[in-house]
Amino acid sequence: MALLSPGRYVLASIVVAAAVVWHAFSTRQQFFPSMVYLSSSKFSLAVLGNLGFALALATYKIVLRIFLGRLRDSEVERVNDKVGQAVVETCLAMTIFREDFTAAFLSMFIILSFVKIFHWLVQDRVDFIETTPNVTRLQHIRIVAFTLVLLGIDIWFLHYSIGRTMERVRANRPVGVDLLFAFEYTASTIVLTFIKYCLSMVDIAMEGRWVGKGVAVFYLELTLDMLHLLVYCAFFAVVFSTYGIPLHLVRDLYWTFRNLNQRVRDFLRYRRITANMDQSFPDATEEDLQRADHVCIICREELTTQGALNQCTLYALGW
């Protein structure tokens, strides 16, 4: 059991912040001197900043309860594995824009961190729904609603960040930290996650017999890798032209290019194999199918002499 649960942490933060505010107003006795003290005292700023984080954490818990309910152990484990790496990478990116470090910047960073976690959880939940037959209608409504909410948040912050960046460009000032937030929200995968969810619903409606699902998901992931590579290259070029080489992006740029290259190789290998499949593997005769009772021993689908590629064939090809 945790020494301090999230609920107790939020309550303690509110009590401490209220005590600091009461002390400021009781000793200064006027509004303006009290506000000057609260905005200049390092201790007061730390307490109020902690209160802001606690309220953000409480909002995070409420949003999860509304849209996702209780998290599975695998989802919690994935968040714990990725959040540390994401925070470190973002902090490294902040070193480039350290002159723009303000309270507003810190607030945007906290919001971005929680939004990233929401995106990871939605991806995991979509994968879970895809492989779980017993999913209620309420769960579908909640995941679709949450996806649309995240899409709206991404669009709003992207519009806001690009607008602030363009203001700096028109004022002949170097791009600031708003470019970092624009990059983070542009690299969002919520749209493709929703498309993947729709593909899963089509497959469920067809009772798992949609042979082309693997191909569609492959093209979707290929599009995602291409989008990521374009965004990373654009952000790398802009930052390099103003601040020098962004070392924190070299690793992500390499892995994105490597993933895209691997998917293209898989695609070319698939096309080469399927183009020669008729010559390399002759069709089964009716006598062969009768010996197997016209049923695939792997996926249990019905076999015909003129059927299309079944799901087992696609899996064997790496799809």
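**View 1. The contact between helix 8 and helix 9 in this predicted model.** On the helix 8 side, Leu192, Ile195, Lys196, Leu199, Ser200 and Asp203 take part, and they meet Lys213, Ala216, Val217, Leu220 and Leu224 of helix 9. Sorted by class, the residues of this contact comprise seven that are nonpolar, one that is polar and three that are charged. The axes of the two helices, helix 8 and helix 9, come within 11 Å and cross at roughly 180°. Because angles over 145 degrees count as roughly antiparallel, helix 8 is described as roughly antiparallel to helix 9.

**View 2. Helix 8 (190–205), its length and its buried residues.** The 16 residues of helix 8 should span 22 Å at 1.5 Å a residue, and the 23 Å between its end C-alpha atoms agrees with that expectation. Buried along helix 8 are Ile190, Leu192, Thr193, Tyr197, Leu199, Ser200 and Asp203, and the elements that cover these buried residues include helix 5, helix 6 and helix 9 (213–243). After helix 8 comes glutamate 207, which has a positive phi, near 60°.

**View 3. The surroundings of serine 200 in helix 8.** Serine 200 has a relative accessibility of 2%, and it therefore counts as buried, the cut-off being under 20%. When neighbours within four places in sequence are left aside, serine 200 is in contact with Glu130 and Lys213; Lys213 is also among the helix 9 residues that meet helix 8.

**View 4. The largest nonpolar core, with its 26 residues.** Within this core, Tyr60, Leu121 and Phe146 are the residues that touch the most other members. Two or more residues each are given to the core by helix 1 (6–28), helix 3 (42–67), helix 4 (73–94), helix 5 (103–131), helix 6 (137–170) and helix 8 (190–205). Of these elements, helix 5 gives the most, contributing eight residues.

**View 5. Phenylalanine 146 and its contacts.** Residues up to four places away in sequence are not counted here, and on that basis phenylalanine 146 touches Val63, Phe67, Leu68, Phe118 and Val122. A second core, separate from the one to which Phe146 belongs, has 21 residues, including Val177, Leu180, Tyr232 and Leu249.

Conventions:
Residues numbered from 1 in each chain as written. Predicted model: local features only at pLDDT ≥ 70, side-chain atom pairs only at ≥ 80, totals over all residues. Heavy atoms only, no water. Core = buried A, V, L, I, M, F, W, Y, C linked by side-chain atoms within 4.5 Å. Buried < 20%, exposed > 50% of the residue type's maximum accessible area, 1.4 Å probe, protein only. Helix = DSSP H or I, 4+ residues; strand = E, 2+ residues; numbered from the N terminus. Contact = heavy atoms within 4.5 Å. Expected span 1.5 Å × (residues − 1). Axes fitted to C-alpha atoms, helices over the stretch in contact; angles between N-to-C directions. Parallel < 35°, antiparallel > 145°, perpendicular 65-115°, else oblique. Nonpolar A, V, L, I, M, F, W, Y, C, P; charged D, E, K, R; others polar.
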